[in-house]
Amino acid sequence: MALQNNQRRQNAPLYTPEQRQRRDATRWTLIQGLLAPLQFLVFLISLILVVNYMINGSGLEAAATSVVVKTLVLLTIMVTGAIWEKVVFGQYLFAPAFFWEDVVSFGVIALHVAYVLCWLTGYGTPQQQMWIALAAYAAYVINAAQFLLKLQAARRDEPTNDMELDLEGALK
């Protein structure tokens with residue numbers, strides 16, 4: 001019985017027609033669409049700087065600053081994402097469609113904030129702090145993959161337009 005319910009949930013579309021309409025109508029969808037690639041670009045630059053520091057022992061200030069910037073972008077996308085979730089699903093976080101993505105997001109945020117707190121207070125060596133940043137980045141990659149899979153599922157679930165349906169019917 002539990003397996004059947006799980007399969008039903010997995011086969012259910014990500015959005016109801018009403019949720020899809022709200023998603024498409026809100027400016028928060030565009031904002032998320034702009035912030036996500038920006039965050040990924042900041043991540044890539046920061047990752048290069050952090051790895052460079054870990055390998056060469058140089059560029060600590062640039063690496064540390066980049067992790068702080070990445071954290072600020074992450075917090076921005078989390079707040080705007082919570083607003084988006086409220087508009088689309090009626091709750092700020094943990095809507096069933098994005099429950100696990102939100103759970104992992106909080107782990108990602110915790111690791112980023114842990115880095116910033118260590119950096120601000122001088123707790124740990126710079127190398128230890130950078131290991132926290134790398135753990136945060138590994139968690140971020142997992143979380144980003146979750147969201148990309150949801151985006152793919154949402155695209156798969158999108159209704160085709162009438163023209164495509166007419167063409168498919170004519171070809172059969």
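# Briefing: an all-helix chain

From the N terminus on, the elements run α-α-α-α-α-α-α. The model is predicted. Its secondary structure comes to 7 helices and 0 strands. The chain has 172 residues, and 33% of them count as buried.

**Chain totals**

- The accessible surface of the chain comes to about 10800 Å². Carbon and sulfur atoms hold 68% of that surface.
- Consider the contacts in the chain with a separation of 6 or more. Residues 24 or more positions apart account for 70% of them.

**Helix H4**

- H4 covers residues 60-89, which makes 30 residues.
- At 1.5 Å a residue, H4 should span 44 Å. The C-alpha atoms at its ends are 42 Å apart, so the expected span and the model agree.
- Glycine 90 follows H4. The phi of this glycine is positive, near 85 degrees.

**Nonpolar cores**

- The largest nonpolar core has 21 residues. Val67, Tyr115 and Met130 have the most contacts inside it.
- Four helices each supply at least two residues of this core: H3 (27-56), H4, H5 (99-121) and H6 (126-157).
- H4 gives the most to this core, with 7 residues.
- Another core, of 10 residues, lies apart from the largest one. Among its residues are Trp28, Trp84, Ala97 and Ala154.

**Methionine 130**

- Which residues does methionine 130 touch, leaving out those up to four places away in sequence? They are Val50, Tyr53, Met54, Leu60, Ala63, Ala64 and Tyr115.
- Met130 and Tyr115 thus appear together twice: they touch each other, and both are listed with Val67 for the most contacts inside the largest core.

**Serine 66**

- Serine 66 lies in helix H4.
- Is serine 66 buried or exposed? Its relative accessibility is 10%. Buried means under 20%, so serine 66 counts as buried.
- Serine 66 touches Ser46, Leu49, Val50 and Tyr137, with residues up to four places away in sequence not counted.
- Val50 is a contact of serine 66, and Val50 is also touched by methionine 130.
- Isoleucine 48 is 18 residues from serine 66 in sequence. In space, the two are 9.8 Å apart, C-alpha to C-alpha.

Terms used
Residues are numbered from 1 along each chain as its sequence is written. This is a predicted model: local features need pLDDT of at least 70, side-chain atom pairs count only at pLDDT 80 or more; totals for chains, interfaces and linings use all residues. Side-chain values use heavy atoms; hydrogens and water are left out. The expected span of a helix is 1.5 Å times one less than its number of residues. Buried means under 20% relative accessible area, exposed over 50%, partly exposed in between (1.4 Å probe, protein chains only). Contact means heavy atoms within 4.5 Å. Accessible areas come from the Shrake-Rupley method with a 1.4 Å probe; for residues, only the protein chains shown count as cover. A nonpolar core is a set of buried Ala, Val, Leu, Ile, Met, Phe, Trp, Tyr and Cys residues joined through side-chain atoms within 4.5 Å.
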